[in-house]
Amino acid sequence: MKILGIESSCDETAAAVVEDGRKVLSNVIATSLEEHKLYGGVVPEIASRRHAESISGVVEEALRQADCTMDGIDAVAVTYAPGLIGALLVGVNFAKGLALATDKPLVPVHHIRGHIASNYISNDAEPPFLCLVVSGGHSHIVAVNSYTDFEVIGRTRDDAAGEALDKAGRTMGLEYPGGVSIDKISTEGDENAFTFPKPKVTGSPYDFSFSGLKTSVINTLHNAEQKGEEISIPDLAASFQKSVVDCLIGNLEAVASDRGYGKIVIAGGVSANRKLRAEAQKMCARHGWQLFLPELKYCGDNAAMIASQGYYEYLAGRRADESLNAYATMQIEENL
Ligand code: KG4
Ligand code: ZN
C-alpha cells in the first residue's frame with residue numbers, strides 16, 4: 001500500500017511516498033530556513049507564503065521520484081496539528097483538494113506521532129516502547145502502547161528542549177537554529193567549564209523545565225560582560241548542552257526503570273544531537289536496553305515520517321473529509 005505524505009507544520013514543505021509504512025520510495029523537502037536565519041527565528045508569514053509557492057512542485061517531485069502517479073497512491077496523509085496555523089493550513093488544504101480530486105482517502109496525522117514514526121522507516125522498531133520526543137516545540141516522554149495509542153508520562157512545564165537550545169544559542173550570538181550551532185561548537189568546548197543549577201520541578205518527577213537553565217546562561221553572559229571578562233562560547237555552549245541532555249536522559253532513565261521498559265526510542269529534531277545520541281547509547285548499554293535512533297535525515301521535519309504514521313492511522317480506520325481543519329495545538333493522545 002502506497003501513502004503520499006504531506007508536511008507543512010513549520011518551515012519545511014515536504015512530500016514523500018512510503019510503501020506499507022516502512023519503505024521510503026521518495027522524500028522531498030523544500031525549506032525556507034535560510035530566509036528565517038535573517039530574523040533569528042521562523043517568521044510564520046514567510047513560512048506560509050513559501051509553503052503556498054512550493055507545495056505543488058514538491059508533491060509532483062515526490063511522485064516523480066517514487067516513479068508513480070496519483071493512480072498508484074492508496075491514500076493521502078497530511079499533518080494537521082500541531083504547528084504554525086497558517087503553515088499547516090497550506091498542507092491541509094492542498095491534501096484535501098488532492099484527495100477530493102483523485103477520489104483517495106484522506107488521513108490526518110499528528111506531527112509528533114509522525115516524529116515517532118521516523119523510527120519505523122529508519123529502524124525495525126515496533127510498539128510498545130518508551131519514546132523521548134524532543135523537537136523545537138515539544139519535550140515529551142511518551143509511552144507508545146501501539147501505533148495509534150499514546151500516553152504522555154513526562155512533559156516540559158515551559159520551554160521545549162529545542163526551543164531552549166535555540167534561545168540560548170541566540171544569546172551566545174550563534175546562528176539560528178541554535179540547537180544545530182550548539183551541537184557543532186560544543187565539540188571545541190569543555191562541557192565541565194560551567195555548572196548550571198539542576199532544574200527543580202514540583203509535582204510529577206518526570207516533567208522537565210528548561211527556562212531556568214536558559215536564564216542561567218543569559219545571566220552568566222551578562223555578568224561577564226559587566227565585569228569586562230571574556231567568556232569562551234564553545235565552553236558555555238558545551239556546558240549548557242550537557243545540562244539539557246542530563247535532564248532529558250535523567251528523566252528518561254527514571255521512567256524506563258520505574259515502569260520496566262527495555263525498548264527506548266528517541267525522535268524529533270533534537271534527536272540529531274550528538275551528545276544526546278551518545279548519552280542515550282551509554283544509558284541503554286548500562287541497563288541492557290534496546291535503543292532506536294532515527295537516521296539523521298529523518299530527525300528533522302519530513303513527510304516520510306507522516307506517510308509512515310499515516311499508514312498505521314489508515315489501518316486503524318482513521319479518515320478525514322473536506323471538513324478537516326488545522327490546529328495549532330493538540331495533545332498527542334487526541335483523535336480529533
Ligand atoms: O522536529 P523539528 O525539526 O521541528 C519541530 O517539530 O519543532 O525540530 C527543530 C528543533 C530546533 O529547535 C533545532 O534547534 C533542533 O531541533 N535541532 C537540534 C539539532 N538539530 C536540530 N538540536 C540540537 N542538536 C542538533 N543537532
Ligand atoms: Zn517537527
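**Reading a ligand shell, a helix crossing and some backbone details**

Around ligand 1, the shell is made up of 10 polar, five nonpolar and three charged residues. The model is predicted.

Me: Hello! Which residues come nearest to ligand 1?

Reply: Welcome! A good start is to list the residues around the ligand and then pick out those that come nearest. Here 18 residues are around ligand 1, and His115, Gly136, Asp166, Asp183 and Gly269 come nearest.

Me: Which helices supply at least two residues each to that shell?

Reply: Three helices can be named: H4 (111-122), H5 (161-171) and H6 (178-186).

Me: How do I read the polar contacts, and which atoms of ligand 1 take part?

Reply: The idea is to look for pairs of N or O atoms within 3.5 Å. In this model, a polar backbone atom of Gly136 is 2.8 Å from an oxygen atom of ligand 1. Gly179 also offers a polar backbone atom, which is 3.3 Å from a nitrogen atom of the ligand. With Asp301 the side chain takes part: one of its polar atoms lies 3.3 Å from an oxygen atom of ligand 1.

Me: How much of ligand 1 does the protein bury?

Reply: For this, take the area that the ligand exposes when alone and ask what share the protein buries. Ligand 1 exposes 550 Å² taken alone, and 85% of that is buried by the protein.

Me: Back to H4, please. At what angle do the axes of H4 and H10 cross?

Reply: Picture a line through each helix. The axes of H4 and H10 (residues 304-315) come within 7 Å of each other and cross at roughly 95 degrees. Angles of 65 to 115 degrees count as roughly perpendicular, so H4 is roughly perpendicular to H10.

Me: Which residues of H4 and H10 meet there?

Reply: On the H4 side they include His115, Tyr120 and Ile121, and on the H10 side they include Met305, Ile306 and Tyr312. By class, the residues of this contact divide into seven nonpolar, six polar and two charged.

Me: Now the backbone. Where are the cis peptide bonds from Ala81 to Pro82 and from Pro127 to Pro128?

Reply: As a general idea, most peptide bonds are trans. The bond from Ala81 to Pro82 is cis, with omega near -20 degrees, and Pro82 sits in the loop between strand S4 (75-81) and helix H3 (85-102). Pro127 and Pro128 are also joined by a cis bond, whose omega is about 5 degrees. Pro128 belongs to the loop between H4 and strand S6 (129-134).

Me: And is phi of Asp20 positive or negative?

Reply: Most residues other than glycine have a negative phi. Asp20 has a positive phi, near 50 degrees. Look for Asp20 in the loop between strands S2 (12-19) and S3 (23-31).

Me: Last one: which residues does Tyr39 touch, leaving out those up to four places away in sequence?

Reply: Tyr39, in the loop between helices H1 (33-37) and H2 (44-65), touches Ile46 and Arg170. Tyr39 and Tyr176 are 137 residues apart along the chain, with their C-alpha atoms separated by 8.7 Å.

Methods
Residues numbered from 1 in each chain as written. Chains lettered and ligands numbered in written order. Predicted model: local features only at pLDDT ≥ 70, side-chain atom pairs only at ≥ 80, totals over all residues. Heavy atoms only, no water. Near = heavy atom within 4 Å. Polar contact = N/O pair within 3.5 Å; in protein donor to acceptor, adjacent residues only side chain to side chain. Areas by Shrake-Rupley, 256 points an atom, 1.4 Å probe, with all protein chains shown as cover. Helix = DSSP H or I, 4+ residues; strand = E, 2+ residues; numbered from the N terminus. Nonpolar A, V, L, I, M, F, W, Y, C, P; charged D, E, K, R; others polar. Axes fitted to C-alpha atoms, helices over the stretch in contact; angles between N-to-C directions. Parallel < 35°, antiparallel > 145°, perpendicular 65-115°, else oblique. Contact = heavy atoms within 4.5 Å.
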